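Biologist: Could we go through this model together, one question at a time? I would like the cut-offs spelled out as we go.

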Amino acid sequence: MAVFTPLSHDQVAQFLAEYDAGTLTSLEDVAHGTENSTFFVTTDRREMVLTLFEQGEHDELPFFVELLDFLANHKLPVPGPLHDHDGQALKSLAGKPALLFPRMPGQWPVAPNTTQCAEIGAALGRMHAVSQHFTGQRPNTRDLNWIKPMHHKVLAYLTPSDQTLMADEIDICEDAFSGVDLPQGVLHGDLFRDNTLFDGDRLGGIIDFYNGCTGDLIFDLSIVVNDWCSHDDGRLDSARYDALLGAYLAERPMNADERRLWPSMLRMTALRYWLSRLLVVYVDPPAHSLTPKDPAQYRQLLGRRIEEGALPLPEATLPA
């Protein structure tokens, strides 16, 4: 979150008059995060988050509104957008598309424990189970079909050994996933720790769905495991891994193909983030003065997944 388009108290007060949300009492810039402008908005009745969309494909915003409405209606811990007196959620403010959300409790976990890992695993499992009934569609824009053409843009910045590694991994992934139809549904697409809010060990909310799409469910799960269950050197932590995956599988068991391809998917999503971070550093730097994330982290993590594979998957235990 960040602020690139400043707003005045009067602008926001007038905007809020179109909602049943109370009278504005305070407006706070949120000066950290990604590519949109974000504000904490407090009224005499509630606390909210206001987002102005600065970049990206604005014609895709209705997909995100429909998705968040769907998940919130299914009691998932997501911030369903507020709708105005006419039933509209997606609005315009200061010439930018705008959405207003309830403010969810908590902070993101810097060093998640096993209880927090189980919480996010269970929530993601429930989300994936219900999302298979969501009718909206948005292709996964960061899957292998994106990796293959985009990796050529970074090869000149890599050592010869890393050039070979990247090309070999793409070939291995193509061989692994060719001709296989994995279970599909809605993906968060970027469910790192800093896209969650925890109040102690209780999950308060999952936020920032703007990489949301439809695709292979274990693509989403592998992103989560690589971030939530890895040590700084890329090794998997068995306790966090078992807690997260055990809770997930209790909500949505994997089929045989998903279990067989699980180690390959962990490698592919590690490759995906190594590549995307390289692109930000060398090819397409952020439009604003934000510090790019270090590609070396996911280069190291990919190396670990190649050397060590995945830990065994827990057996699925369906809830009583």
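Biologist: Happy to start with α9: what span does α9 reach from its first C-alpha to its last?

Modeller: First, a word on the source: this is a predicted model, in which local features need pLDDT of at least 70, side-chain atom pairs count only at pLDDT 80 or more, and totals for chains, interfaces and linings use all residues. Residues are numbered from 1 along each chain as its sequence is written, and side-chain values use heavy atoms, with hydrogens and water left out. Helices (H or I, at least four residues) and strands (E, at least two) are DSSP runs numbered from the N terminus, and the expected span of a helix is 1.5 Å times one less than its number of residues. With 14 residues, α9 is close to the expected 20 Å, and its span reaches 20 Å.

Biologist: Which elements cover the buried residues of α9?

Modeller: Buried means under 20% relative accessible area, exposed over 50% and partly exposed in between (1.4 Å probe, protein chains only). In α9 the buried residues are Pro295, Tyr298, Leu301, Leu302, Gly303 and Arg305. Taking contact as heavy atoms within 4.5 Å, the cover includes α5 (160–177), α6 (217–228) and α8.

Biologist: And at the start of α9, which backbone nitrogen does a side-chain oxygen of Asp294 reach?

Modeller: A polar contact is a pair of N or O atoms within 3.5 Å; within protein, one must be able to donate a hydrogen and the other to accept it, and residues adjacent in sequence count only if both atoms are side-chain atoms. Here the oxygen of Asp294 comes to within 3.0 Å of the backbone nitrogen of Ala296.

Biologist: Which helix gives the most to the largest nonpolar core?

Modeller: Such a core is a set of buried Ala, Val, Leu, Ile, Met, Phe, Trp, Tyr and Cys residues joined through side-chain atoms within 4.5 Å. The largest has 79 residues, and Leu244 and Trp274 are among those with the most contacts inside it. The helix that gives the most to this core, with 12 residues, is α8 (256–282).

Biologist: How many aromatic pairs does a search of the whole structure find?

Modeller: Rings of Phe, Tyr and Trp (its six-membered ring) pair if their centres lie within 6.5 Å; planes under 30 degrees apart count as stacked, over 60 as edge-to-face and the rest as tilted. Searching the whole structure on that basis gives 11.

Biologist: Why does the pair of Phe53 and Tyr210 tie together parts that are far apart in sequence, and by how many residues?

Modeller: The two rings meet edge-to-face, 5.1 Å centre to centre with 85° between the planes. Phe53 sits in the loop between β3 (47–52) and α2 (61–73), and Tyr210 in the loop between β8 (202–206) and β9 (213–216), so the parts they join are apart in sequence by 157 residues.

Biologist: Of that pair, is Tyr210 buried or partly exposed?

Modeller: Phe53 has 3% relative accessibility and counts as buried. Tyr210 has 21%, so Tyr210 counts as partly exposed.

Biologist: Why is the pair of Phe192 and Tyr298 given its class, and what is that class?

Modeller: Both residues are buried. Their ring centres are 6.2 Å apart with the planes at 50°, so the pair is tilted.

Biologist: Last one: is Pro139 buried or exposed?

Modeller: Pro139 is found in the loop between α3 (114–131) and α4 (144–150). Leaving out residues up to four places away in sequence, Pro139 touches Cys213 and Thr214. Its relative accessibility is 61%, so Pro139 counts as exposed.
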